Amino acid sequence: MEWDLSDLYAGPEDPALEADLGEALRLASDLSPEGLLDPQEAESLFRRYEMALEKAYKPLNYASLYFATRTQDASAKALLDRVRNRYTEVRNRLLPLEIALRKLPEEAFQGLLGHEGLKDLHHFLKRQRAYAPHTLSEREEELLNLKGLVGRSAWSQFYTEYTGRFRFRVGERELTEMEVRALRRDPDPGVRREAHRELYGKLLAEAPTLGAVFNAVYLDYLQDLRLRNFAHPLEPVALRDEVEVKDIEALLEATRAHYPLVEAYYRWKARRLGQEKVPSPDLLAPLGEKPKIPFAEAKELVLTAFRRFSPEIEAIAKEFFAQRWIDVYPRPGKRGGAFCSGGLPSTHPYVLLNHTDDLDAAHTLAHELGHGVHFYLARGQRLLNFGASTPLAETASVFAEILLDDLLLERLSGEERTLLLAERVEDAVNTLFRQVMYTFFERRSLEARREAALSPEAFHGIWQEEQARLYGDAVAWTELDGAAWAGIPHFVHYRFYTYSYALGYLVVLALYGKYQEEGQAFVPRYLEVLKAGESQSPKAILAQAGVDLASEAFFRYGFGVLESWLKALP
């Protein structure tokens with residue numbers, strides 16, 4: 001199944017696409033900041049501001065999705081470049097209003113908060129206000145946006161295009177990156193080792209080029225920190241996510257304190273494999289014969305898991321298949337990985353997969369459909385309250401995977417059940433612990449970039465040290481493993497995003513605990529979390545579901561669940 005983008009535009013030459021860009025520019029022009037002094041006029045300004053964003057983002061969303069399955073197509077790249085430039089122009093025309101809002105006199109700002117017509121924008125207004133100390137002049141903000149086109153955004157696109165051309169030969173087959181990564185879970189040790197050599201050998205060979213990309217995006221971020229007067233590299237992330245830097249650091253340290261759980265698991269796995277240590281090519285080795293799960297079967301499993309929890313969630317997920325909002329299989333030129341593009345309240349989400357007909361791919365389907373359901377439910381919000389803040393961004397996706405595992409565990413017994421429990425622990429390692437390891441790597445390499453550009457060997461060294469801390473003495477590494485950092489796109493596309501997977505996982509464990517305690521009575525409260533979008537802070541949204549992010553119990557409960565899973569292994 002390939003996705004149908006015609007709900008957005010009929011094709012890249014659809015005149016409606018160009019018309020929307022033109023309308024976005026018109027709407028974004030002449031939004032007088034003085035209107036913020038009159039709450040009634042401000043209400044009208046924000047409506048027009050929203051419409052300009054919508055008209056600009058819809059073409060960008062289409063061009064990004066179109067390019068994602070055609071990364072080697074020059075016309076697709078040209079379309080994305082052109083639309084991205086126009087989107088930046090719209091954003092620049094909106095800057096005066098945004099800057100004026102952030103720097104509005106306090107009395108006038110309170111007048112906006114007190115206006116009935118702006119009642120549903122309180123969170124948006126306060127979020128904008130929080131950026132005031134780090135907002136530059138209108139001209140400086142415009143220049144930074146323009147710099148981004150040839151800086152961070154350009155390097156991000158180059159990384160996607162460049163790595164999208166990578167091909168790997170295993171046996172007689174020429175494979176994409178996602179296909180060769182899937183072979184690291186192959187039952188045949190020889191295939192795993194060949195896939196390991198091909199994947200990490202390629203990353204090691206390409207490390208000088210990919211390291212140059214990392215150095216460029218790191219320097220771009222360090223310049224932004226200085227220009228915007230941020231005192232700590234995590235401060236922009238904390239501001240974005242509406243948490244404190246100390247909250248992020250508490251999460252990182254609490255997770256690192258539980259690293260021994262990871263070493264204990266891999267010592268258990270080594271015994272199962274008949275080894276003293278787990279060889280790194282066997283890190284993802286199946287412990288028994290893993291079922292092949294064709295896409296049709298994966299679809300049915302996920303829908304059944306959703307239905308048992310909430311028929312409403314199942315009904316939404318069914319639309320993704322019926323309406324072809326999913327692009328399923330890998331093919332040349334298609335970007336690797338998987339993602340869900342949330343779209344707009346007036347459109348709908350799209351899901352990209354690279355399905356490989358195994359259990360991991362079934363989990364990925366559940367994960368991305370979880371995102372899709374989240375965005376779908378949030379469409380009840382207006383655009384300025386739409387989406388999912390980073391602390392909640394992975395909530396629905398990881399929750400969906402646990403629902404799938406619950407279904408599978410009920411159907412299995414004996415050795416099959418043990419194997420799935422092991423899968424659940426490995427998922428916790430990859431979703432929680434490894435993401436925190438990634439964050440420590442990113443923080444250390446970013447700090448080192450302050451002094452000078454990092455050589456590939458410097459990146460390798462930091463990666464190897466952080467990896468050794470996580471796995472202890474349970475894994476036997478090869479020289480090739482030091483280059484794994486170069487194949488993680490999050491380090492290029494975002495800053496410190498990986499920690500949010502860990503936070504999201506712990507949030508899910510807390511919500512899942514509530515579900516276990518309350519049963520179906522919990523479901524409406526969970527749906528309200530998803531429907532809330534960004535209309536309130538993450539802490540406020542979760543508080544309504546009975547979860548307190550600032551409590552010690554939040555961490556204690558989450559890691560306690562993980563310990564119970566590990567103890568359940570024979």
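In this predicted model, Arg 256 lies over the face of Phe 440, with 4.0 Å separating it from the ring centre. A second placement of this kind involves Lys 202, which sits over the face of Phe 166 at 4.8 Å from the ring centre.

From charges over rings we turn to rings beside rings, where a pair is described by the distance of the centres and the angle of the planes. With centres required to lie within 6.5 Å, the count of aromatic pairs comes to 46. One of them joins Tyr 62 and Tyr 66, whose ring centres are 5.8 Å apart and whose planes meet at 20°, so this pair is stacked, given that stacking asks for planes under 30 degrees apart. Both residues belong to helix H2 (residues 39-68), and because they are four residues apart there, about one helical turn separates Tyr 62 from Tyr 66. Tyr 62 is buried, as is Tyr 66.

Another pair, formed by Phe 214 and Phe 491, is edge-to-face, with 6.1 Å from centre to centre and 75° between the planes. Here the contact links distant parts of the chain, since Phe 214 lies in helix H9 (residues 189-227) and Phe 491 in helix H20 (residues 490-493), 277 residues apart. Phe 214 is buried, its relative accessible area being 0%, and for Phe 491, likewise buried, the relative accessible area is 0%.

These two phenylalanines also belong to a cluster held together by ring pairs, in which Phe 214 and Phe 491 are linked with Tyr 218, Tyr 438, Phe 441, Phe 459, Trp 463 and Trp 485.

Notes: Residues are numbered from 1 along each chain as its sequence is written. This is a predicted model: local features need pLDDT of at least 70, side-chain atom pairs count only at pLDDT 80 or more; totals for chains, interfaces and linings use all residues. Side-chain values use heavy atoms; hydrogens and water are left out. Rings of Phe, Tyr and Trp (its six-membered ring) pair if their centres lie within 6.5 Å; planes under 30 degrees apart count as stacked, over 60 as edge-to-face and the rest as tilted. Helices (H or I, at least four residues) and strands (E, at least two) are DSSP runs, numbered from the N terminus. Buried means under 20% relative accessible area, exposed over 50%, partly exposed in between (1.4 Å probe, protein chains only). A charge sits over a ring if NZ of Lys or CZ of Arg is within 6 Å of the ring centre and within 35 degrees of the ring normal.
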